Amino acid sequence: MDTQAIVTLAIVLGIGLAAVGPGIGMGIATAAAINAVARQPEVEGKARNLLLFGIVFMEVLVIYAIFAVFLAKYLFKLF
Amino acid sequence: MSFGWSERKELEIKVGEHWIVNFGHMSVNMDTVTTAWVAMAAIILLAFVITRKLDIIPDSFQTVTEMVMGFLEGLVKNEMGKDGLKHLPLIASLFLFILFSNLEGQLPWRLLPLPGEMASPTNDINTTAGLALVVSIYYIGAGILEKGFGYFKHYLQPMWFMFPFNLLEDFTRPLSLSLRLFGNILAGELIILILISLVPIFAPVPMMLFELFIAFIQAYIFAVLATSYIAAATSKEHH
């Protein structure tokens, strides 16, 4: 494999692997929010805000991965 | 880059390339500046037109405006109580500017004969970093104005050895705030670009609609985080 193939593979796998952890976390958080609303429908607004707030911090991990991929793209002059 | 109908082979995806104009030592991303001014002009024009004839029985424009402002007021009041309303101008300006900037990315800029590739100004890291720095300078300033020198005591808060971590927080907050907005908008535009290069008609439309939703969510999240940072800096109780 030449360098370009390795870097392309790293970029694609990097995004994919970075999405695994936050995906699981978002699933757990959403399940907890749905549970909370199912038990106590009157907290829906509060639960939605808390869910959004929590998801933001998981989502930023994938954004960091995207940023790292852009950096890799610039370092190796790809695309 | 071309429209992708007949010249699909020529469509190449460029990330983070801007229409750069040099003024002396400075190089300015002209497309970002233009679209940012368009967003500001749209906000100012709307504000001017809507506030011309205010009425007790509002017409539809006034109703929408009051709804938006009421929503933002509720956001600030919920976090900081009635005292926090003095921070409402900053939060509301940030929300409206980011919302208009994000929505601007879905306008058909290609129809105009402009030299650069116009898109949301928030797909440039300089814009989002500027906004995030405004927020972080503002919350430190607000904390100092509120508590005087006592603001700096919170750096030593649970124990003295937590100082580096508390100091680090002041740097990671603007970093994550700017990268979140930038990454979301740029990733959305990239996905639309990739979809256009694969299937030029109809396929990108659902993604574009999703981007309209993302625009609202990101503006809301920026406003919420700015509010919570200011609330944490100005809160009275010791935590």
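Colleague: What do the buried residues of H4(B) pack against?

Modeller: Helix H1 (30-50), helix H3 (88-104), helix H5 (163-198) and helix H6 (204-234) of chain B. Contact means C-beta atoms, placed from the backbone, within 7 Å. Helices are DSSP runs (H or I, at least four residues), numbered from the N terminus. This is a predicted model; local features need pLDDT of at least 70, side-chain atom pairs 80 or more, while totals for chains, interfaces and linings use all residues. Residues count from 1 along each chain as written, with chains lettered from A and ligands numbered from 1 in written order.

Colleague: Which residues of H4(B) are buried?

Modeller: Among them are Ile125(B), Leu131(B), Val135(B) and Tyr139(B). Buried means 20 or more other C-beta atoms within 10 Å of the residue's own.

Colleague: How do you know what H4(B) should span?

Modeller: Take 1.5 Å times one less than the number of residues. H4(B) has 23 residues (125-147), so 33 Å is expected; its end C-alpha atoms are 33 Å apart, which agrees. Just after H4(B), Gly148(B) has a positive phi of about 70 degrees.

Colleague: Why are H5(B) and H6(B) called roughly antiparallel?

Modeller: Their axes cross at roughly 175 degrees and come within 10 Å. Angles over 145 count as roughly antiparallel, so H5(B) and H6(B) earn the name. Axes are fitted to C-alpha atoms over the stretch in contact, with angles from 0 to 180 degrees between N-to-C directions.

Colleague: Which residues meet there?

Modeller: Leu177(B), Leu181(B) and Ile191(B) are among those in H5(B), facing residues of H6(B) including Met207(B), Ile214(B) and Phe222(B).

Colleague: How many residues does the contact of chain B with chain A take?

Modeller: Eleven from chain B and eleven from chain A. On the side of chain B, the largest share, six residues, comes from H5(B).

Technical notes:
Helices (H or I, at least four residues) and strands (E, at least two) are DSSP runs, numbered from the N terminus. A residue is buried if 20 or more other C-beta atoms lie within 10 Å of its own, exposed if 12 or fewer, and partly exposed in between; C-beta atoms are placed from the backbone. Two residues are in contact if their C-beta atoms, placed from the backbone, lie within 7 Å. Angles under 35 degrees count as roughly parallel, over 145 as roughly antiparallel, 65 to 115 as roughly perpendicular and the rest as oblique.
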